[in-house]
Amino acid sequence: MSAHHQTPLYTLLALFAAGTVVMSPALALAQAPTPPAPQVIATGIGEATVIPDRAVIYFAVETRSPNAAGAGSENARTQTAVIAALRAQGITAEQITTSGYSVSPNEKFENNGQRKILGYIARNTVVVDVRKLEQIGALIDAALGAGAN
């Protein structure tokens, strides 16, 4: 090869090498990962000890009768008596709620697999929010005495 033909090749290689050196920092910056957003991470464990000052008591009221209407009306009468007994112990109306009312058949299955309905059971729950723990024993006695189960 003549000197005339080698010069453009050397020039081209020199320009390529110079461009690579000049462009490498720009390419490195373009590909650099973005730093994570600032954040605060905290972990802690705590413990608190308190003296109980409230209780919740659930009194079941369950009644049975040959028919559903009788079980329901007897349950309402017993529930009213339980609530009156609790109120007589100083429990306010706001501290008493009821929940879970249901009426279902009281049934048994005979030896031949036949279902026999013996009557009906009405169930309800009287819930009491007790704010004076020293009342618990007297409240249980009063509710059971009035027909709670």
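# Sheet, helices and core: how do we know?

Me: Which residue in S3 is the bridge partner of Phe59?
Reply: Val126 in S3 is the bridge partner of Phe59. Keep in mind that this is a predicted model.

Me: What makes S1 and S3 a pair?
Reply: Two strands pair if there are at least two bridges between them. S1 and S3 (residues 115–130) have 11 bridges, in the antiparallel sense. That passes the cut-off, so they count as paired. Elsewhere along S1, Tyr58 stands opposite Val127 in S3, and Val56 stands opposite Asp129 in S3.

Me: How do you know that S2 and S3 pair?
Reply: The test again asks for at least two bridges. S2 and S3 are joined by 12 and run antiparallel, so they pair. One of the partner sets is Phe109 with Arg115 in S3. The hairpin of S2 and S3 has 5 residues between the strands, and Gly113 there takes a positive phi near 90°.

Me: What is the strand order of the sheet?
Reply: The order is S1-S3-S2, in an open sheet of 3 strands with antiparallel pairing.

Me: Why are S1 and S2 called edge strands?
Reply: Strand S1 (55–65) and strand S2 (96–109) each pair on one side only. Neighbouring strands of the sheet are turned by 20° against each other on average, direction ignored.

Me: Which helices lie across strands of the sheet?
Reply: Helix H2 (residues 68–88) lies across S1, S2 and S3, at about 20° to S3. Helix H3 (residues 136–145) lies across S1 and S3, at about 10° to S1.

Me: How do the side chains along S1 divide between its faces?
Reply: They alternate. Ala55, Ile57, Phe59, Val61, Thr63 and Ser65 point to one face and are buried. Val56, Tyr58, Ala60, Glu62 and Arg64 point to the other face and are not buried.

Me: Which residues touch the most other members of the largest nonpolar core?
Reply: Phe59, Val82, Leu86, Val126 and Val128 do, in a core of 14 residues. S1, H2, S3 and H3 each supply at least two residues of this core. S1 gives the most, with 4 residues. In soluble globular proteins, nonpolar side chains tend to be buried together.

Me: What does Val128 touch, leaving out residues up to four places away in sequence?
Reply: Val128 touches Ala55, Val56, Ile57, Phe59, Leu86, Ile91 and Gln95.

Me: What puts Leu139, Ala142 and Ala143 on the same side of H3?
Reply: These three residues of H3 are buried. They cover an arc of only 95° around the axis, which puts them on the same side of H3. An α-helix has 3.6 residues a turn, so residues three or four places apart point the same way. The cover over the buried residues of H3 includes S1, H2 and S3. On the face turned away from the buried side, H3 carries the exposed residues Asp141 and Gly145. Just after H3, Gly147 takes a positive phi of about 120°.

Me: Why is Asn67 called partly exposed?
Reply: Buried means under 20% relative accessible area, and exposed means over 50%. Asn67 is at 40%, so it counts as partly exposed. Asn67 sits in the loop between S1 and H2. Asn67 and Ile121 are 54 residues apart along the chain, and their C-alpha atoms are separated by 8.7 Å.

Me: Why does Asp129 count as buried?
Reply: The cut-off is under 20%. Asp129, in strand S3, is at 19% relative accessibility, so it counts as buried.

Me: What makes the link between Asp129 and Arg54 a polar contact?
Reply: The limit for a polar contact is 3.5 Å. The side chains of Asp129 and Arg54 are joined at 2.4 Å, so the pair is within that limit. Not counting residues up to four places away in sequence, Asp129 touches Arg54, Ala55, Val56 and Gln95.

Me: Is Gln135 buried or exposed?
Reply: Gln135 is at 18% relative accessibility, under the 20% cut-off, so it counts as buried. Gln135 lies in the loop between S3 and H3.

Me: What lies 3.0 Å from a polar atom of the Gln135 side chain?
Reply: The backbone oxygen of Gln89 does. With residues up to four places away in sequence left out, Gln135 touches Gln89, Ile91 and Val130.

Key. Residues are numbered from 1 along each chain as its sequence is written. This is a predicted model: local features need pLDDT of at least 70, side-chain atom pairs count only at pLDDT 80 or more; totals for chains, interfaces and linings use all residues. Side-chain values use heavy atoms; hydrogens and water are left out. Axes are lines fitted to C-alpha atoms, for helices over the stretch in contact, and angles run from 0 to 180 degrees between N-to-C directions. Contact means heavy atoms within 4.5 Å. Buried means under 20% relative accessible area, exposed over 50%, partly exposed in between (1.4 Å probe, protein chains only). A nonpolar core is a set of buried Ala, Val, Leu, Ile, Met, Phe, Trp, Tyr and Cys residues joined through side-chain atoms within 4.5 Å. The arc is that of the directions from the helix axis to the C-beta atoms. A polar contact is a pair of N or O atoms within 3.5 Å; within protein, one must be able to donate a hydrogen and the other to accept it, and residues adjacent in sequence count only if both atoms are side-chain atoms.
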